[in-house]
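Student: I have a structure open and would like a close look at one part of it. Please take me through that part step by step, then place it in its setting.

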Amino acid sequence: MSVNVGVIGTGNMGAHHALTLHGYVSGARVTMLYDADAQRAEDLCEHIPGAKVASSALQVVDDPGTDALVIASPDATHAPLVLAALRVGKPVLCEKPLAPTTAECAAVVQAERQAVGNAGAPLVSMGFMRRFDPGYAEIKASLDARALGLPLLVHCASRGVSSGPGTTTESAIVGSAVHELDLIPWLLGEPIVAVGWHRPRSAGQVDGFQDPQLFVLRSRSDVVTTVELFLNARYGYDIRCEVVCEGGTLSLGHPRATVTNAEQMHYLLHPLDWRPRFADAYRLELQEWVTSIALDRPGTLAGAADATRAAEVADAIIASIGTDGRETAVEYQAL
Ligand SMILES: NC(=O)c1ccc[n+]([C@@H]2O[C@H](COP(=O)([O-])OP(=O)(O)OC[C@H]3O[C@@H](n4cnc5c(N)ncnc54)[C@H](O)[C@@H]3O)[C@@H](O)[C@H]2O)c1
């Protein structure tokens, strides 16, 4: 039996998810698409036989032939759509962030609890796909096994080619660095308790916000993480992570398997954006999500509470902007 999936928001991310579900995920059928720009949904529909275009997001949510939902519309629409999905008891894979504010995130956590009770499989899964990237997964497995002893330090860099229009210092944290804010507690198995924000020289090609930014995150047992966030690094999309342990280090390898030799150079090409870089992670994430629904068991994706915790850390970083590195405690609400 296949899981019939409706996709809301068919821009860059939603189209990628729909095509991955259609082409690479066993047990999934994409049955319905909706986008506020109807032409986008129509164009995508031509590549997915059997799918149809809905006239509203709620039509996708309520359609009796739709078993589960992917939400990849703009950030502010996520929480209302997830709440609508919870009202009809359908599993939902929501792109990050769950909501622009932690209060809205917490409201989703409460609504999910009411919908499924304490024993039921969670209904809300989050698109923190890096948990499924083979490199990060190997680092996590090694850390869990304490193969190199205790972790001491983590160094992360998140570099892109250029930022989108309207990016601010704060939106770069909430929209981009949020991946690290989910990953670090997941890798270390403990929460971030304090953060610091540093202002390096801003790059000349950047106008109107601070880029790069540097954060320092302190975990409960004093593992210190540095996160460089540089959206306008120009040369390519480059995600780095190195964990320094007592007995050695663990680092993400380069995502390209092929080395090019040409014009007296020997090089590896960087991807242009996150879609090729994390294509395997998106596919593995979607497969785990669909399989968990088909088997009615909890999946291993991040959930609404994880998204709330990441948003709380983002809030602490934003609160510490301009303090030149002074540590700010992260305040977690009871969930
Ligand atoms: N996990 C990741 O790595 C990752 C990467 C990129 C984007 N995202 C997230 O995915 C979401 C979409 O980002 P994107 O890059 O695809 O943006 P995008 O602008 O390419 O696509 C958004 C789409 O939503 C449509 N839309 C606008 N309002 C809508 C509404 N009310 N209902 C339905 N559709 C609506 C737009 O017409 C557009 O087609 C964002 O929340 C973003 O944060 C996640």
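Student: Which domains is the protein divided into, and what are their bounds?

Tutor: A caution before the answer: this is a predicted model. There are two domains. Domain 1 takes residues 3-129 + 280-302. Domain 2 takes 131-277 + 311-329. Their C-alpha centres lie 26 Å apart. The contact draws 13 residues from domain 1 and 12 residues from domain 2.

Look at the domain 1 side of that contact. Two elements give two or more residues to it: α5 (102-116) and α9 (279-294). Of these, α9 gives the most, with 5 residues. By class, this side holds 7 nonpolar, 2 polar and 4 charged residues.

So much for the contact; now follow α9 itself. Helix α9 has 16 residues. From first C-alpha to last, α9 reaches 23 Å, close to the 22 Å expected at 1.5 Å a residue. Its buried residues are Ala281, Tyr282, Leu284, Glu285, Leu286, Trp289, Val290 and Ile293. Note that a charged residue, Glu285, is in that list. The buried residues of α9 pack against five strands and a helix: β1 (3-8), β2 (28-34), β4 (68-71), β5 (92-94), β6 (124-126) and α1 (12-24).

Step across to α1. Its end C-alpha atoms are 17 Å apart. The span expected for its 13 residues, at 1.5 Å a residue, is 18 Å, so the two agree. Buried in α1 are Met13, Gly14, Ala15, His17, Ala18, Thr20 and Leu21. Their cover includes α9, along with β1, β2, α2 (38-45) and β4.

What follows α9? Asp296 sits in the loop between α9 and β15 (302-303). Asp296 is not a glycine, yet its phi is positive, about 50°. Most residues other than glycine have a negative phi, and most peptide bonds are trans. Asp296 counts as exposed because it has 9 C-beta neighbours inside 10 Å. Asp324 makes a parallel case: it is not a glycine either, and its phi is about 55°. Asp324 lies in the loop between α10 (304-319) and β16. With 10 other C-beta atoms within 10 Å, Asp324 is exposed.

Two peptide bonds are cis as well. One runs from Lys96 to Pro97, with omega near -5°. Pro97 is in the loop between β5 and α5. The other runs from Asp211 to Pro212, with omega near 5°. Pro212 is in the loop between β8 and β9.

Now the core. The largest nonpolar core has 96 residues. Ile8, Val82 and Val92 touch the most other members. Helix α7 (residues 169-188) gives the most to this core, with 10 residues. Domain 1 and domain 2 both give residues to this core, so it lies between them. Take Ile8 in detail. Beyond its neighbours within four places in sequence, Ile8 is in contact with Tyr34, Ala57, Val60, Leu69, Val70, Ile71, Ala72, Ser73 and Leu81.

Last, look at an open sheet. Its 7 strands run in the order β12-β11-β7-β10-β9-β8-β16, with mixed pairing. The edge strands, β12 and β16 (328-329), each pair on one side only. Start at the β12 edge. A hairpin of 2 residues joins β11 to β12. Strand β11 (residues 238-245) and strand β12 (residues 248-251) are antiparallel, over 4 bridges. Val244 stands opposite Thr249 there. On to β7 (residues 151-159): this strand pairs with β11 in the antiparallel sense over 8 bridges. His155 has Glu242 in β11 as its bridge partner.

Further along, β8 (residues 192-198) and β9 (residues 213-219) run antiparallel, joined by 6 bridges. In β9, Leu217 stands opposite Val195. Leu217 counts as buried because it has 27 C-beta neighbours inside 10 Å. Leaving aside neighbours within four places in sequence, Leu217 is in contact with Ile184, Ile192, Val195, Thr225 and Val227. Leu217 and Gly253 are 36 residues apart in sequence, and their C-alpha atoms are 23 Å apart in space.

Note on methods:
Residues numbered from 1 in each chain as written. Predicted model: local features only at pLDDT ≥ 70, side-chain atom pairs only at ≥ 80, totals over all residues. Domains from an automatic or database assignment. Contact = placed C-beta atoms within 7 Å. Expected span 1.5 Å × (residues − 1). Buried ≥ 20, exposed ≤ 12 C-beta atoms within 10 Å, placed from the backbone. Core = buried A, V, L, I, M, F, W, Y, C linked by C-beta atoms within 7 Å. Pairing = 2+ DSSP bridges.
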